[in-house]
Amino acid sequence: MDALLEQARDVYEGQIDFPSQRLADNLTTALLTITGILSFLLGYLTQDIIKTLYTGLGGAALTFLVVVPPWPWYNQAPERWLPARVPKRSTKTYASGVDLGGVNIEVDGKRIG
């Protein structure tokens, strides 16, 4: 059951790497440009606005199906993130009575608090 939930989470998150973001942007621009030109030409040649609108709508739907789902080719080079650091608990209570709970504040390389 956990494996199924993990797969669903991966699909829902839709991870995409940085080069693939550029690819998705270029695909969106190209597909919508081609759709606009084709729908304009079809409508102009047939003198039918309905065909123009349906062609544009179909091209937008095709672009949506190509770009929006998290297809595997959009995550060819995933980023390797650093592991999270566990902060140390602070025992210092400040004048306001607030305990920062392990938050280390640095200003210009000097530790404050």
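What share of the contacts in the chain with a separation of 6 or more comes from residues 24 or more positions apart? In this predicted model, the figure is 53%. The chain itself has 113 residues, and 11% of them count as buried. Its exposed area comes to about 9700 Å², with carbon and sulfur atoms supplying 65% of that. As for secondary structure, there are 3 helices and 2 strands, and reading from the N terminus they run α-α-α-β-β.

A UniProt record, an unreviewed entry, lists residues 27-46 and 53-73 under "transmembrane region". How does the model treat these two spans? Residues 27-46 come out as 100% helix and 0% strand, with the end C-alpha atoms 28 Å apart. Residues 53-73 are 71% helix and, again, 0% strand, and here the end C-alpha atoms lie 31 Å apart.

Now to helix 2, which covers residues 18-46. One of its residues is T35. Is T35 buried or exposed? It counts as buried, because its relative accessibility is 12% and the cut-off for buried is under 20%. Setting aside the neighbours within four places in sequence, T35 touches T55, G56, G59 and A60. Another residue worth a look on that side is G58, which sits in helix 3, the helix spanning 49-67. G58 and T35 are 23 residues apart in sequence, yet their C-alpha atoms are 8.4 Å apart in space. Unlike T35, which is buried, G58 counts as partly exposed, since its relative accessibility is 38%.

Helix 2 also contributes to a nonpolar patch on the surface. Which residues form this patch? They are I37, F40, L41, Y44 and L45, and together they have about 590 Å² of accessible area. L41, found in helix 2, is partly exposed, because its relative accessibility is 41%. Two other members of the patch, F40 and Y44, are both exposed.

The rings add some detail here. The model has 3 aromatic pairs. F40 and Y44 form one that is stacked, at 6.1 Å centre to centre and with 15° between the planes. Why do these two end up about one helical turn from each other? F40 and Y44 are 4 residues apart in helix 2, so about one turn of the helix separates them. So the picture for F40 and Y44 is of two residues in helix 2, about one helical turn apart, stacked on each other, exposed and part of the nonpolar patch. Elsewhere in the chain, ring pairs link W71, W73 and Y74 into a cluster.

Just past helix 2, the backbone does something a bit out of the ordinary. Most residues other than glycine have a negative phi. Q47, however, has a positive phi, near 55°, without being a glycine. Where does Q47 sit? Its place is in the loop between helix 2 and helix 3. The side of the story told by accessibility is simple: Q47 is exposed, because its relative accessible area is 63% and exposed means over 50%.

Note on methods:
Residues numbered from 1 in each chain as written. Predicted model: local features only at pLDDT ≥ 70, side-chain atom pairs only at ≥ 80, totals over all residues. Heavy atoms only, no water. Phe/Tyr/Trp six-rings, centres within 6.5 Å; stacked < 30°, edge-to-face > 60°. Buried < 20%, exposed > 50% of the residue type's maximum accessible area, 1.4 Å probe, protein only. Contact = heavy atoms within 4.5 Å. Patch = residues over 30% accessible without salt bridge, like charges linked within 9 Å, V, L, I, M, F, W, Y side chains within 5 Å. Areas by Shrake-Rupley, 256 points an atom, 1.4 Å probe, with all protein chains shown as cover. Salt bridge = Lys/Arg side-chain N within 4 Å of Asp/Glu carboxyl O. UniProt positions renumbered as here; feature names shortened; annotations may be inferred.
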